[in-house]
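Please open the model in your viewer and keep the sequence panel beside it. The stops below are arranged so that each selection leads to the next.

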Amino acid sequence: MTLILVRKLLRDARPALIAVCLILFLFASLWVKITQRVTAEITPFFNVVAKAARLDPKLFEQVLFRGPGKVSQAVLGGADLQFERPNDFLAVAMLHPVVLTLACIWAVGRGAGAVAGEIDRGTMELLLSQPIPRHRLILAHLVVDCVTIPVLCLSFWAGTEFGLWAVGPFKVDYTTVRDVMSERLPPLAVESLEIPKTPTEMEVSGRPEFPALANLAALMFALSGLTLALSAAGRSRWRVTGFGVLIAVVMFVANVLGQLWDAVAFLRPLTVFYYYQPQRIMLRSEWTADLGAVWNGGGPLLSVPVVGVLLAVGAAGYLVALRVFTRRDLPAPL
């Protein structure tokens, strides 16, 4: 009976699942082209200009991310990323607001519709009129999460691989840079810049992104579990959705503000987004976060696994939902 219920839930989620998978696939493919444009064309040009003016190549980055730009830098992963490296810029895609928004919408929507949605539609009584224990319904939603969340993550990875295949090698062609410099500088000055005369190929691969997707999957599971706990106690899908979105937004804002304002940095480990650090997994294979970075003045305190914490939060949400749903009285349909 549980398998039949899982099939029913998957059938109900299929249209939204296909739509979100398609958007993630297309965005990841587009981001590869953006990465090629930035790392193989724009950044080399700025580096040559900085060299000609005898400036630090990081000057452009410092100007770009000063003032209000610091917010964007915090959202995109802080100051650790090197935007002239293709793999570093690919990692930014997993931190992009488009990906985070889709992940939150999917997780909150799934969790809100699990219990409160069935009550709101008036289908919960019909569902439980079958010989199905209440805990089987929670178990079925857990199985659906274990199926749909990996599918969403794999669609993003497939988009990256398709984009890398479609755009071809990342080759830096300095011909345009040399022509521009030749118009403004004497030949000897251009030669002193040592601009390469042949295209150079940059190393780029989507394989390091695959393990980092475990962090994205864990984030969606955590948000789904938290929303399911609210859904198990509610009766209006849209009210639960509103609370779920509010919690996600508050945690996201608290995490970003904590990176910009030391006075509220202590709030960051209390949010699920503090444990969402796919760029560190992708680029340095670092699967832990040290709480001392915000709670001990930057000194070492306690390293915790980021994926493990998020999975624990999601599991706790499911356990709360199980306890609440199996003990509550179901109201009449609205």
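Is cysteine 153 buried or exposed? Select cysteine 153 in this predicted model; the residue is located in helix 8. With a relative accessibility of 5%, cysteine 153 counts as buried, because the cut-off for that class is under 20%.

**Stop 1: around cysteine 153**

Display the residues that touch cysteine 153. Apart from neighbours within four places in sequence, they are Leu213, Leu216, Ala217 and Met220. For leucine 216, the C-alpha atom is separated from that of cysteine 153 by 7.2 Å, and the two residues are 63 apart along the chain.

**Stop 2: the whole of helix 8**

Extend the selection to residues 134–167, which form helix 8. Its 34 residues should span 50 Å at 1.5 Å a residue, and the C-alpha atoms at its ends are indeed 50 Å apart. Select glycine 168, just after helix 8, where phi is positive at about 80°.

Return to helix 8 and select leucine 139, which is placed within it. This residue counts as partly exposed, with 38% relative accessibility. Then add leucine 5: the C-alpha atoms of leucine 139 and leucine 5 are separated by 9.8 Å, although their positions lie 134 residues apart along the chain as counted by sequence separation.

**Stop 3: helix 5**

Select residues 97–114, which make up helix 5. Helix 5 contains 18 residues and reaches 25 Å from its first C-alpha to its last, close to the 26 Å expected at 1.5 Å a residue. Of these 18 residues, 13 are buried, so helix 5 is largely enclosed by the rest of the structure.

**Stop 4: helix 5 against helix 11**

Which helix passes helix 5 in a right-handed crossing with axes that come within 7 Å? Add helix 11, residues 209–233: the axes of the two helices come within 7 Å and cross at roughly 35°, and the crossing is right-handed. On the side of helix 5, the contact is made by Val99, Leu100, Ala103, Cys104, Trp106, Ala107, Val108, Gly111, Ala112 and Ala114. Helix 11 contributes Leu216, Leu219, Met220, Leu223, Ser224, Thr227, Leu228 and Ser231. Coloured by class, this contact shows 14 nonpolar and four polar residues, with no charged residues. Leu216 and Met220 of helix 11 take part in this contact, and both also touch cysteine 153.

**Stop 5: helix 5 against helix 12**

Hide helix 11 and show helix 12, residues 237–260. Helix 5 and helix 12 pack at an angle of about 145° with their axes 9 Å apart, again in a right-handed crossing. The residues of helix 5 in this contact are Leu100, Cys104, Val108, Gly109, Ala112 and Gly113. From helix 12 come Arg237, Val240, Thr241, Gly244, Val245, Ala248 and Phe252. By class, the contact has eight nonpolar, four polar and one charged residues.

**Stop 6: arginine 121**

Keep Gly113 and Arg237 displayed and select arginine 121, in helix 6 (residues 116–121). Arginine 121 touches both Gly113 and Arg237, not counting residues up to four places away in sequence. The C-alpha atoms of arginine 121 and arginine 237 are 8.8 Å apart, with 116 residues of separation in sequence. At 45% relative accessibility, arginine 121 counts as partly exposed.

**Stop 7: leucine 90**

Move to helix 4 (residues 86–92) and select leucine 90. It counts as buried, with a relative accessibility of 2%. Leaving aside neighbours within four places in sequence, leucine 90 is in contact with Trp31, Val32, Thr35, Val204, Ser205, Glu209 and Met282. Proline 208 can be added as well: its C-alpha atom is 9.9 Å from that of leucine 90, and the two are 118 residues apart along the chain.

**Stop 8: serine 285**

Select serine 285, in the loop between helix 13 (278–284) and strand 3 (288–290). Serine 285 is not a glycine, yet its phi is positive, at about 55°. This residue is exposed, with a relative accessible area of 55%.

**Last stop: the whole chain**

Clear the selections and view the entire chain, with its 15 helices and four strands. Buried residues account for 47% of its 334 residues. The chain exposes about 16900 Å², of which carbon and sulfur atoms supply 65%. Among contacts between residues at least 6 apart in sequence, 75% join residues at least 24 apart.

Technical notes
Residues numbered from 1 in each chain as written. Predicted model: local features only at pLDDT ≥ 70, side-chain atom pairs only at ≥ 80, totals over all residues. Heavy atoms only, no water. Axes fitted to C-alpha atoms, helices over the stretch in contact; angles between N-to-C directions. Left-handed = near helix turned anticlockwise from the far one by under 90°. Contact = heavy atoms within 4.5 Å. Nonpolar A, V, L, I, M, F, W, Y, C, P; charged D, E, K, R; others polar. Buried < 20%, exposed > 50% of the residue type's maximum accessible area, 1.4 Å probe, protein only. Areas by Shrake-Rupley, 256 points an atom, 1.4 Å probe, with all protein chains shown as cover. Expected span 1.5 Å × (residues − 1).
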